[in-house]
Amino acid sequence: CFMALVLGVILIVSSNNTLGALEENNSKVAFANELTDAQMDLMDVHTALYKAMNWKQTGVDEKIITESFETALKDFGKVKKTISTIDAKKQGVDPKVIKALKGNLKAYEDSAKQVIDFAPLDVSMANIFLNDCQSNFIPLDKNIGLLAAEASAMAEKESNNKFFPDHQEDP
């Protein structure tokens, strides 16, 4: 009877440790997935801006152009929410990386809004801002991707360390 009690306690403690490790790992995986989704949403934003400007230059109905810009703004809102809510400490990420990423996000947002604001007024000027938008897109996309890859690698490493402590990584 005493032995069954001891085994029960060991099983409960072991289960709690495993559940805690799973929850922590799931959090890291979820973070990596959120960043990947944000990167895909950013690509959708950028594509919508280019499509709208192309349509603007070819005389497509303004309603379609406006819908494309609205889609871009909606998708950008999702990207902005993901980036602005990153808790560097919780995710184990250097706060300087997050600060730089937020700076990239702001620069892109400013140029994208200028494209949208100028498109109905002056297509040539809107295209200049679209070029600026492209220049801001490149580092933003790259940094979101790098952070997503880092988060994914951290989740995998943490998982291996917790669940396979004797696992040796290849040199």
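**Notebook: a chain of helices**

I began with the contacts in the chain that have a separation of 6 or more, and found that residues 24 or more positions apart account for 75% of them. I should say at once that this is a predicted model.

**Entry 1. The overall layout**

Next I looked up the elements. The chain has five helices and zero strands, and from the N terminus on I read them as α-α-α-α-α. I also checked burial across the chain: of its 171 residues, 34% are buried.

**Entry 2. Helix α2 on its own**

I picked α2, which covers residues 62–84, and asked what span its 23 residues should have. At 1.5 Å a residue the helix should span 33 Å, and I found its end C-alpha atoms 32 Å apart, which agrees.

Then I wanted to know which residues of α2 are buried. My list came out as I65, S68, F69, A72, D75, F76, V79, T82 and I83. A reminder helped me read that list: an α-helix has 3.6 residues a turn, so residues three or four places apart point the same way.

**Entry 3. α2 beside α4**

I turned to the pair formed by α2 and helix α4, residues 95–118. Two packed helices are described by the angle between their axes and the distance between the axes, so I looked up both. The axes of α2 and α4 come within 11 Å and cross at roughly 165°. That angle is over 145 degrees, which makes α2 roughly antiparallel to α4. I noted the crossing as left-handed.

Which residues meet here? From α2 I wrote down F69, L73, F76, V79, K80, I83 and S84. Their partners in α4 are L101, K102, L105, Y108, E109, V115 and I116. Sorted by class, this contact has 10 nonpolar, one polar and three charged residues.

**Entry 4. Three residues of α1**

Helix α1 runs over residues 2–58, and I stopped at three places along it.

My stop at D41, in α1, began with a question: is D41 buried or exposed? Its relative accessible area is 15%, and the limit for buried is under 20%, so D41 counts as buried. Leaving out residues up to four places away in sequence, D41 touches D75, K78 and V79. Two of these names, D75 and V79, were already on my list of buried residues in α2.

V45 is also in α1. At 2% relative accessibility, V45 counts as buried. Setting aside neighbours within four places in sequence, I found V45 in contact with A72, D75, F76 and Y108. I had met F76 and Y108 before, among the residues where α2 and α4 meet. I also looked up V45 and K74, which are 29 residues apart in sequence and 8.4 Å apart in space, C-alpha to C-alpha.

A48 was my last stop in α1. Its relative accessibility is 6%, so A48 is buried too. Not counting residues up to four places away in sequence, A48 touches S68 and A72, both of them buried in α2. From A48 to I65 I count 17 residues in sequence and 9.1 Å in space, C-alpha to C-alpha.

**Entry 5. After α2**

I moved on to D87, which lies in the loop between α2 and α3. With a relative accessible area of 39%, D87 is partly exposed. D87 and I98 are 11 residues apart in sequence, and their C-alpha atoms are 8.7 Å apart in space.

Q91 sits in helix α3, residues 88–91. What is the relative accessibility of Q91? I read 7%, so Q91 counts as buried. Which residues does Q91 touch, if those up to four places away in sequence are not counted? The answer is S27, K28, F31 and M154.

**Entry 6. One residue of α4**

I closed with V97, in helix α4. At 35% relative accessibility, V97 counts as partly exposed. V97 and I144 are 47 residues apart in sequence, yet 10.0 Å apart in space, C-alpha to C-alpha.

Key. Residues numbered from 1 in each chain as written. Predicted model: local features only at pLDDT ≥ 70, side-chain atom pairs only at ≥ 80, totals over all residues. Heavy atoms only, no water. Helix = DSSP H or I, 4+ residues; strand = E, 2+ residues; numbered from the N terminus. Expected span 1.5 Å × (residues − 1). Buried < 20%, exposed > 50% of the residue type's maximum accessible area, 1.4 Å probe, protein only. Axes fitted to C-alpha atoms, helices over the stretch in contact; angles between N-to-C directions. Parallel < 35°, antiparallel > 145°, perpendicular 65-115°, else oblique. Left-handed = near helix turned anticlockwise from the far one by under 90°. Contact = heavy atoms within 4.5 Å. Nonpolar A, V, L, I, M, F, W, Y, C, P; charged D, E, K, R; others polar.
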